[in-house]
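Please open the model in your viewer and keep the sequence panel beside it. The tour below moves from one selection to the next and says what can be found at each stop.

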Amino acid sequence: MNDINANAIETASHRIDPVFLDTPLLRETSLDRELGIELLLKVETLNPIRSFKGRGTDLYVADVGAVPALVCASAGNFGQGLARAARRKGIAVVVFVVTHANPMKIEAMRRFGAEVRLHGDDFDAAKAEARAYAEVLGAPFVEDGAEPAIVVGAGTIAREITMANADANLDAMLIPLGNGALAIGMGAWFKHATPAVEVVGVVAAGAPAMQLSFDAGCAVATKTIATIADGIAVREPVPNAVQRMPGTLDAVTAVDEPTILRAMRLVHEHLGLVVEPAGVVGVAALLAEPARWRGRRVATVLCGGNLTLEQTKRWLG
């Protein structure tokens, strides 16, 4: 944890491409009334990759030297961020994705200059192939959730929330938890700046590996995953991320598929925002346990908005 701290996050906030920074922090009274809480929503979908991933990837690439290429595995948003940042430095990027990956995300990665290779039935199969390819190529394998710069970059979101919310107390922060960069980076900042805030990671019930790992205190893989939330569909946790969770997260909770869909529709109805399943699980957690959160002041991150037209019609009606 020494390299993921408040000083590093503060410094990062002055190095990341401003197009990803100072994103809106919204509150909608009609949504507050429906949920029975005061809810702050940090919107991370209004940037060139429609995701928070640009923060960490931009910071990581800024310090990359001469390499033959960068290799990663991604559900799509991380690959977009890495490709965009690397293209600005003239570095090639190869991204491995699952064979059934979101076609919109695949096209976006290619538009930013990435070579996209389809492999395997789940994210972790694609990751294993990416790691092997990087070794053969002699190129860095950039692992989301493991690289400190990726985690630190995500932590700048929490810094912005505390600065914008300086005049009011925040009771809890609900953060989507996949490979861990977002939740751990944000948690590191909150534990420094406002340690009384309860920091809760949220996983999909159909991809519970990170919750199982948090509860066990060690990495726990699952044999399968089953969720529409591709951005947090982790079967094999990143060991570094598991080690960092105890000092940055207070709890981890899980939400099921119907509740994720309900949260997507609620955000669209009240805010007019199209948010992908993984990006809205913080709101889903509020719906799943209303008594736990009622009357509290809570924040969450809407951290991805890459949906195909078909997905938008199917899930948002």
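Begin by selecting helix H10, residues 239-248, in this predicted model; within H10, the residues Ala-241, Val-242, Arg-244, Met-245 and Thr-248 are buried. If you then show the surroundings, the elements that cover these buried residues of H10 include helix H7 (148-164), H8, strand E7 (198-204) and helix H9 (209-216).

Now hide the side chains for a moment and look at the whole chain, which contains 14 helices and nine strands. Its C-alpha atoms fill a box of roughly 55 × 45 × 40 Å along the principal axes. Is the radius of gyration what a compact globule of 317 residues would have? A compact globule with 317 residues would have a radius of gyration near 20 Å, and the value of 18 Å for the chain agrees with this. Of the 317 residues, 59% count as buried, and among contacts between residues at least 6 apart in sequence, 74% join residues at least 24 apart.

Next, select the strands of the six-stranded sheet, which is open, has mixed pairing and follows the order E1-E2-E9-E6-E7-E8. Its edge strands are E1 (25-26) and E8 (251-255), each of which pairs on one side only. Zoom in on E1 and on strand E2 (residues 38-43), which pair in the antiparallel sense over two bridges; here Leu-25 stands opposite Lys-42 in E2. Adding H7 to the selection shows a helix that lies across E1, E2, strand E6 (172-176) and strand E9 (297-302), and that runs at about 135° to E2.

Move on to the other sheet of this tour, an open one of three strands with parallel pairing, in the order E3-E4-E5. Strand E3 (70-73) and strand E5 (115-118) are its edge strands, each pairing on one side only, and neighbouring strands of this sheet are turned by 20° against each other on average, with direction ignored.

Select strand E4, residues 93-97, and follow its pairing with each neighbour. E3 and E4 run parallel and are joined by four bridges, and the bridge partner of Cys-72 in E4 is Val-95. Between these two strands the chain passes through helix H4 (residues 77-87), in a β-α-β crossover that is right-handed. With E5, E4 also pairs in the parallel sense over four bridges; the bridge partner of Val-95 in E5 is Val-116, while Phe-96 stands opposite Arg-117. Helix H5 (residues 103-111) completes a right-handed β-α-β unit with E4 and E5.

Which residues of E4 are buried on one side, and which on the other? Val-93, Val-95 and Val-97 are buried on one side, and Val-94 and Phe-96 on the other, so that both faces of the strand are covered, in keeping with the general pattern described next. In a regular strand the side chains alternate between the two faces of the sheet. Five of the five residues of E4 are thus counted as buried. To see a helix packed against this sheet, show H6 (residues 123-137), which lies across E3, E4 and E5 and runs at about 165° to E3.

For the next stop, display the nonpolar side chains of the interior. The largest nonpolar core has 66 residues, and those with the most contacts inside it are Leu-70, Met-173, Met-186 and Phe-190. Helix H8 (residues 181-193) gives the most to this core, with eight residues. Centre the view on Met-186, which, leaving aside residues up to four places away in sequence, touches Ala-154, Gly-155, Ile-157, Ala-158, Ile-161, Met-173, Ile-175 and Val-301. Apart from the largest core lies another, of 37 residues, and selecting Leu-35, Leu-273, Val-275 and Trp-315 will show some of its members.

Finish at helix H12, residues 281-288, which is mostly covered, with seven of its eight residues buried. The buried residues to highlight there are Val-281, Gly-282, Val-283, Ala-284, Ala-285, Leu-286 and Leu-287.

Conventions
Residues numbered from 1 in each chain as written. Predicted model: local features only at pLDDT ≥ 70, side-chain atom pairs only at ≥ 80, totals over all residues. Heavy atoms only, no water. Pairing = 2+ DSSP bridges. Axes fitted to C-alpha atoms, helices over the stretch in contact; angles between N-to-C directions. Contact = heavy atoms within 4.5 Å. Core = buried A, V, L, I, M, F, W, Y, C linked by side-chain atoms within 4.5 Å. Buried < 20%, exposed > 50% of the residue type's maximum accessible area, 1.4 Å probe, protein only. Right-handed = clockwise from strand over helix to strand, strands pointing away. Rg over C-alpha atoms; globule rule 2.2 N^0.38 Å.
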